[in-house]
Amino acid sequence: MTTRPSALITGGSRGIGFAIATQLALRRWDLTISARGAEELERAKSELEVHGSTIHAVAVDVSGENAAHTLISEHDQSFHSLSALVIAAGVGTASPLEGYPMRRFDRQVAVNVRAPFALVSAALPLLRATAKKDPTRGSRIIAIASLEGIYPEEGLSAYGATKAALISLVRSINLEEAEFGVSASAISPGFVDTEMTEWVKDSIPREKMISVEDVAKVATLILDLSPMAVLPHVIINRAGRDAYRA
Ligand SMILES: NC(=O)c1ccc[n+]([C@@H]2O[C@H](COP(=O)([O-])OP(=O)(O)OC[C@H]3O[C@@H](n4cnc5c(N)ncnc54)[C@H](OP(=O)(O)O)[C@@H]3O)[C@@H](O)[C@H]2O)c1
């Protein structure tokens, strides 16, 4: 049985999730990474294994009915603990409110809200047990929300609503779980240079976007805190933008 801390990272195959996985692998955390695309996930696993910890990869759509239980039980079987649940899998599409395709709305709700809710609910017994075993570390949930969840921009109504719900879920976790040593943080960045923002790079060049490494540094800072200190919500602005524009 391992004594190293372990994390389960959804959306761990690329972008922000992979950057957080890299930071944790460099710190010798054992990891379960997950995403739908098996090939990209295996490539990510190989890159992370170079740093010396154990990496388990589970290819699954987080919005599937049994995904939460599959992920938690796979992680539990591999590592018998869960120091951090990192929710990075997310999707977003832009469209005006008028005539908004409800299929797209439902998809964003399923991946960005329903899946995190199911995952948190399924993960709590293992998170609590891990915090009980090591009260000096506790255990944490990090949810990658978005600036859109606080102040949505034109065309991103559905995405913004899902991220606002995720920020609310983080608050609920902190209310209900503090006594069990489990805390939660939402990280809400403006535009980050990933595949997700390809559509906007004609108007905002990637060098003007936040880097995945900067988001990962915020995540590791949160994980370094003692259990008595909680950062419930961290907003990351792009330089030169006011607080409420992505
Ligand atoms: N990029 C930004 O500007 C920005 C800003 C604020 C917040 N965020 C949030 O940050 C998170 C990560 O975004 P990113 O920019 O890193 O995006 P990304 O590069 O597109 O990565 C998304 C990750 O999530 C996985 N994923 C997507 N849908 C999934 C599903 N249904 N089931 C399982 N895995 C799924 C993807 O793998 P597969 O496609 O193979 O499943 C991939 O690993 C998202 O929640 C996003 O909303 C992004």
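The count comes to one cavity of 30 Å³ or more in this predicted model. That cavity has a volume of about 40 Å³. The largest pocket holds about 890 Å³ of space, and the ligand sits in the largest pocket. Of the area the ligand exposes when taken alone, the protein buries 96%.

**Cavity**

- Seen by residue, the lining of the largest cavity consists of Trp29, Ser83, Arg137, Gly138, Ser139, Arg140 and Leu223.
- By class, this lining splits into two nonpolar, three polar and two charged residues.
- Both Arg137 and Arg140 belong to the lining.

**Ligand shell**

- The ligand is surrounded by 30 residues.
- Ser13, Arg36, Tyr159, Val192 and Thr194 are the closest of them.
- The shell contains 15 nonpolar, nine polar and six charged residues.
- Three helices each supply at least two shell residues: H1 (15–26), H4 (102–133) and H5 (157–177).

**Polar contacts and burial of the ligand**

- Tyr159 places a side-chain N or O atom 2.6 Å from an oxygen atom of the ligand.
- For Ser13, the distance from a side-chain N or O atom to a ligand oxygen atom is 2.7 Å.
- Arg107 has a polar side-chain atom 3.4 Å from a nitrogen atom of the ligand.
- On its own the ligand would expose 880 Å², and the protein buries 96% of that area.
- Ser13 and Tyr159 are also among the closest residues of the shell.

**Largest pocket**

- What volume does the largest pocket have? About 890 Å³ of space lies in it.
- The pocket is lined by 40 residues.
- Ala88, Ala89, Gly90, Val91 and Met196 are the lining residues closest to the pocket centre.
- Two or more lining residues come from each of H1, strand S2 (30–35), H4 and H5.
- Which element gives the most to this lining? H1 does, with three residues.
- The pocket lining divides into 19 nonpolar, 13 polar and eight charged residues.

**Elements at the site**

- Helix H1 supplies at least two residues to the ligand shell and three to the pocket lining.
- Helices H4 and H5 each supply at least two residues to the shell, and each gives two or more to the pocket lining.
- Strand S2 is also on the list of elements that give two or more residues to the pocket lining.

Methods: Residues numbered from 1 in each chain as written. Predicted model: local features only at pLDDT ≥ 70, side-chain atom pairs only at ≥ 80, totals over all residues. Heavy atoms only, no water. 1 Å grid on protein atoms, 1.4 Å probe; cavity = no way out; pocket = protein on both sides within 12 Å on 5 of 7 lines; lining within 4 Å. Points joined across faces, edges and corners; volume = space filled by probe spheres on them. Nonpolar A, V, L, I, M, F, W, Y, C, P; charged D, E, K, R; others polar. Near = heavy atom within 4 Å. Polar contact = N/O pair within 3.5 Å; in protein donor to acceptor, adjacent residues only side chain to side chain. Areas by Shrake-Rupley, 256 points an atom, 1.4 Å probe, with all protein chains shown as cover. Sits in = over half its atoms within 2 Å of the grid points. Helix = DSSP H or I, 4+ residues; strand = E, 2+ residues; numbered from the N terminus.
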